[in-house]
Amino acid sequence: MTAQNPLVCRTCLQGRQTDKQKTTYINNRRYLGNKYKLLPFIKSIVNENCENVQSLVDIFAGTGAVASAFADKQIITNDLLHSNYITHIAWFSPLPYDATKITQTIECYNAANPQADNYMSLNFADTFFSKDDCKKIGFIREDIENLLTFGKINEREHALLLTSLLYAVDKIANTCGHYDAYRKGVTLENRLELAVPVPFENLHPKNQCFNTDANALAKQIMADLVYIDPPYNSRQYSDAYHLLENLARWEKPAVFGTARKMDRTSLKSDYCTSKATAAFADLIKNINAKYILLSYNNMGEKGNGRSNAKITDADIMRILSEKGEVSIFTQNYKAFSTGKSDIKDNQERLFLCVCRPPTEPAHRTGHPHRKIIQSPLNYTGGKFKLLNQILPHFPKKIETFVDLFCGGCNVGVNVQAENVIFNDNNHKLIFLYKALKNLDLDATFEMIAKIIEKYSLSRSSDNGYDYYNCDGSDGLGKYNKENFLKLRTDFNKNPENSGDYGYYITLYVLIVFAFNNQIRFNAKGEYNLPVGKRDFNANMQKKLRAFIERLTKIDCEFTCENFQNFDISKLGKNDFVYCDPPYLITCATYNEQNGWNEVFESSLHETLDKLDKNGVKFALSNVLSSKGKTNEILTNWLKSRKYKVIHLNHSYANSNYHAKNKDGFSDEVLILNY
């Protein structure tokens, strides 16, 4: 199989008939510390002691077993291992998928008999699996990646196929449940058989899956209940499941040692070290929830050194008590043991903390702690879904924050700083923000209502879709098209007047009713997007209201300068500049008509070097590679600098789902000079 000729696009994706395949479920996997057998205990504690829980965060989700017990609620999962994260997408993502396609594809994989060597057979043959099974595993894994790259499957389907492979691999692995070692002297047979994953039905449309540090994520999210099941002892999960992690990431690194492990330095958890107590204290401090439920066993002084719990009961009670009122619930269980420990009378404990209501304490720079909000504009390349990865890297103390390419303002509006400067060279965008900040909130909504009424546009929040003979899948475009075009024509005929707030509120209404709620002007300066499927629905109203309220509370100003003309000479060591420029090697509406080129790219790098020379901290968002292209200018610039490069799990299509979009790998990075 070659990258241009993936197996499945020739057969299964053409509608081939299939026999019924075996199925697999979330609990059909071996995993250290899995709480599947404790779910009745966990659910009973929540049901009996927590009121009106509608959303749950499983912040060390592992296999996702605990999240599965609350599948009827909004779920947020997170795990540091990509191999777990990808299965969370399969089980919990609200993204649609073609079940027939998945079944037919798995049938093809099971029938495959590849002969050529690949990464798996060259590195793992006759260790955890037979050589032939290794060939098949590598063959299937490569094909799954190719199907995504060539747009044959979507992100959910990619996750489902990969989950099927991971579960099948783990089922036949020549281990005792983890990959620290394999059993020698065993006759290995060819046993690989994939089963069809059966996800949960009727999932909440706002479910999210994250693959990041739990402590960083806690600062960015909120929920009714946060469930915490951290590693208890010194056994690193990246060591125990390195092979599955290698297979999930598919970066094909060098492996070493008897167990054929790759470099796992970036996957080590502080919760397995002497830093565990401090990490736990930081996590609890930053959680925004009504309830915290902690699973932690009573191994503090039992077993051998590796089995002993890293956080003492006294520290757990001290840290949780600072957050709220704590109760402890216990249930006996059988502990994992390597056979060298005499472990008896073990209990799994649930520490339930009923959190005290937040008192809006001063946070970092003296500003009240604020909820993360989303821009009311669907700005291409907006960073809302990457904020949980970006914001934790920003300085703790910022006097003036400069959002040099503010775009949708998702970053600047959520940063903790004494004052914020939003800058963009799109003057219509900047004056729209000024109008939203300076107009009374109720007056803004009244103006929007009058424009919608004047042009007889839909109001689904009042009347629903049936009133307009439309449904949720097709949207409201058919009803709104004619009147939208009239509104667009009138707007384009009306000359811009920076003092006329009505002009910019009309622009906002255009954006709301336009295709994908986006902004686009042609060479004549005319708004030229077609009608979209949505209108000023309840969600749009909520986002606009929150955005306006935030603008009125923070000390901010809006400037309209080309980045080359922005005066950086007045910035000092406590100021901070964030840059999210158009990406040189990608396409976006704001990057048309030569909006960004190699000259601008190099000039921005010179500006950042000047900031660094002046002792001003900066962060730059960009991509090093995308769709087979490499930003050579950026790459060469970084080679001669000592700036820090952080690789992000990138996806604008959905909630931080996968580092590869349907068009191919995109290496999204955050570059820091500190």
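Begin by selecting helix α22, residues 632–639, in this predicted model, and colour Leu634, Trp637 and Leu638, which are buried. If you turn the view until you look down the axis of α22, these buried residues fall within an arc of 95°, so they line one face of the helix. The general background is that an α-helix has 3.6 residues a turn, so residues three or four places apart point the same way. Before leaving this helix, move to its start and show the side chain of Asn631, where a side-chain oxygen reaches to within 3.3 Å of the backbone nitrogen of Ile633.

Next, select helix α12, residues 276–286, and within it Thr277. Is Thr277 buried or exposed? Thr277 is buried, because its relative accessible area is 19% and the cut-off for buried is under 20%. When its neighbours within four places in sequence are left aside, Thr277 is in contact with Lys310, Ile311, Asp315, Arg318 and Ile319, and some of these names return at the next stop.

Keep α12 in view and add helix α13, residues 313–321. The two helices, α12 and α13, pack with their axes 9 Å apart and at an angle of about 20°, and they are therefore roughly parallel to each other, since angles under 35 degrees count as roughly parallel. As α12 passes α13, the crossing is right-handed. Which residues meet where these helices pack? From α12, show Thr277, Phe280, Ala281 and Ile284, and from α13 show Asp315, Ile316, Arg318, Ile319 and Leu320, for these are the residues that meet.

From α12, go back along the chain to the loop between α11 (242–249) and α12, and select Trp250. Trp250 has a positive phi of about 55°, although it is not a glycine. As a general background, most residues other than glycine have a negative phi. Trp250 is also buried, with a relative accessible area of 8%.

For the last stop, select Asn202, which lies in the loop between β4 (196–197) and β5 (208–210). Asn202, too, has a positive phi of about 55° without being a glycine. Where Trp250 is buried, Asn202 is exposed, with a relative accessible area of 75%, so it is worth showing the surface around each residue in turn to see a buried residue and an exposed one.

Notes
Residues are numbered from 1 along each chain as its sequence is written. This is a predicted model: local features need pLDDT of at least 70, side-chain atom pairs count only at pLDDT 80 or more; totals for chains, interfaces and linings use all residues. Side-chain values use heavy atoms; hydrogens and water are left out. Helices (H or I, at least four residues) and strands (E, at least two) are DSSP runs, numbered from the N terminus. Buried means under 20% relative accessible area, exposed over 50%, partly exposed in between (1.4 Å probe, protein chains only). Contact means heavy atoms within 4.5 Å. The arc is that of the directions from the helix axis to the C-beta atoms. A polar contact is a pair of N or O atoms within 3.5 Å; within protein, one must be able to donate a hydrogen and the other to accept it, and residues adjacent in sequence count only if both atoms are side-chain atoms. Axes are lines fitted to C-alpha atoms, for helices over the stretch in contact, and angles run from 0 to 180 degrees between N-to-C directions. Angles under 35 degrees count as roughly parallel, over 145 as roughly antiparallel, 65 to 115 as roughly perpendicular and the rest as oblique. A crossing is left-handed if the near helix is turned anticlockwise from the far one by less than a right angle, and right-handed if clockwise.
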